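Visitor: I am new here, and I would like to understand the words people use for a model like this one. Could you walk me through it?

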Amino acid sequence: MSFPVHVIKIGGNIIDNPTACTDFLRVFAQISTPKILIHGGGKIATQTAAKLGIETQMVDGRRITDRAMLDVVTMVYGGLVNKNLVAQLQAESCNAIGLTGADAGIIRSTKRPVKTLDYGFVGDIAEVNSGQLNSFLKSGLIPVIAPLTFTSEGVLLNTNADTMASATAVALAPLQPISLIYCFEKKGVLSDPDDDESVIPSLTPESYATFKASGVINQGMIPKLDNAFKALESGVKWVIICHAQDLALAAEGKAGTVLSLEK
Ligand SMILES: Nc1ncnc2c1ncn2[C@@H]1O[C@H](COP(=O)(O)OP(=O)(O)O)[C@@H](O)[C@H]1O
Ligand SMILES: CC(=O)N[C@@H](CCC(=O)OP(=O)(O)O)C(=O)O
């Protein structure tokens, strides 16, 4: 395949907002080039766990996942969220197929080693089966991937969706030009967290370091940008961070924050 493929990640704040999510899926369905959707759903997992009396603990943007939490995220990401996204995309005439990393063996991982902290059933990605993903695309299927991976021993592991998107884009990059688009609830990376219009149009590793040091870029945006720059350094052609409602423009490089390695 030589046409560009879009690897698009949608975060939990949009998924949790029915109107914003439906609007996003409508635009996603209309993108004419091959595409893969990778979704989060952390917010819904936290809410569902709370309903079951299970407390959520996050460290550096990653969920501590014990056995009970693994059951919750398996149900929420692999079932509730994934299947609703697929159903809505099918209604938009987009031939989506819902998958976890275990389905067709697309994303294998290893359990995060215990160092100072035990994250529990959390996966670090070992291998993405790009050949299998390409055969889905070639047969006209649009993979919709939940943030769950599997080990060689057959255990499901909770895996950050931003990392899954980056690893998937990197794995596909030697085969065709890839654009990786992170969609969330702001118009891009902001230079002033209190001003939603203060989008930084272009970000380099140097300007990222400066914004991070000043505290302007913080929380979940740090692992997201680390993943995003890693993808760019590993052969992904375009990486864009944008509002879910701006997906169509961002796919043409006309909205959001465009990452660049140039000084
Ligand atoms: N400079 C910044 N610009 C935009 N968002 C930022 C910035 N610094 C921190 N953030 C935070 O990063 C969050 C996005 O990261 P995350 O919660 O991981 O997103 P997602 O919903 O895509 O998983 C935003 O909701 C925002 O609160
Ligand atoms: C290990 C780990 O932290 N996994 C994430 C997977 C979901 C996710 O990444 O969702 P968002 O994109 O909505 O944040 C979690 O359980 O929160």
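Guide: Gladly! This is a predicted model, and a good place to begin is ligand 2, which 15 residues surround.

Visitor: What are the closest residues around ligand 2?

Guide: They are G12, G40, G42, R63 and A161. The elements giving two or more residues to this shell are α3 (42–51) and β4 (62–63).

Visitor: What makes R63 count as charged?

Guide: Arg belongs to the charged class, together with Asp, Glu and Lys, so R63 counts as charged. By class, the shell around ligand 2 has 2 charged, 8 polar and 5 nonpolar residues.

Visitor: Why are some residues of α3 called buried?

Guide: A residue is buried if 20 or more other C-beta atoms lie within 10 Å of its own. In α3, the buried residues are G42, A45 and T46.

Visitor: How do you know that the buried residues of α3 line one face of the helix?

Guide: Looking down the axis of α3, they fall within an arc of 100°, so they line one face. Their cover includes α1, β4 and α4 (67–91). After α3 comes G53, with a positive phi near 75°.

Visitor: What surrounds ligand 1?

Guide: Ligand 1 has 17 residues around it, the closest being G11, F184, L190, G220 and M221. Here α1 (12–15) and α8 (221–233) are the elements that give two or more residues. This shell has 7 nonpolar, 8 polar and 2 charged residues.

Technical notes: Residues are numbered from 1 along each chain as its sequence is written. Chains are lettered from A and ligands numbered from 1 in the order in which they are written. This is a predicted model: local features need pLDDT of at least 70, side-chain atom pairs count only at pLDDT 80 or more; totals for chains, interfaces and linings use all residues. A residue is near a molecule or strand if its C-beta atom, placed from the backbone, lies within 6 Å of it. Helices (H or I, at least four residues) and strands (E, at least two) are DSSP runs, numbered from the N terminus. A residue is buried if 20 or more other C-beta atoms lie within 10 Å of its own, exposed if 12 or fewer, and partly exposed in between; C-beta atoms are placed from the backbone. The arc is that of the directions from the helix axis to the C-beta atoms. Two residues are in contact if their C-beta atoms, placed from the backbone, lie within 7 Å.
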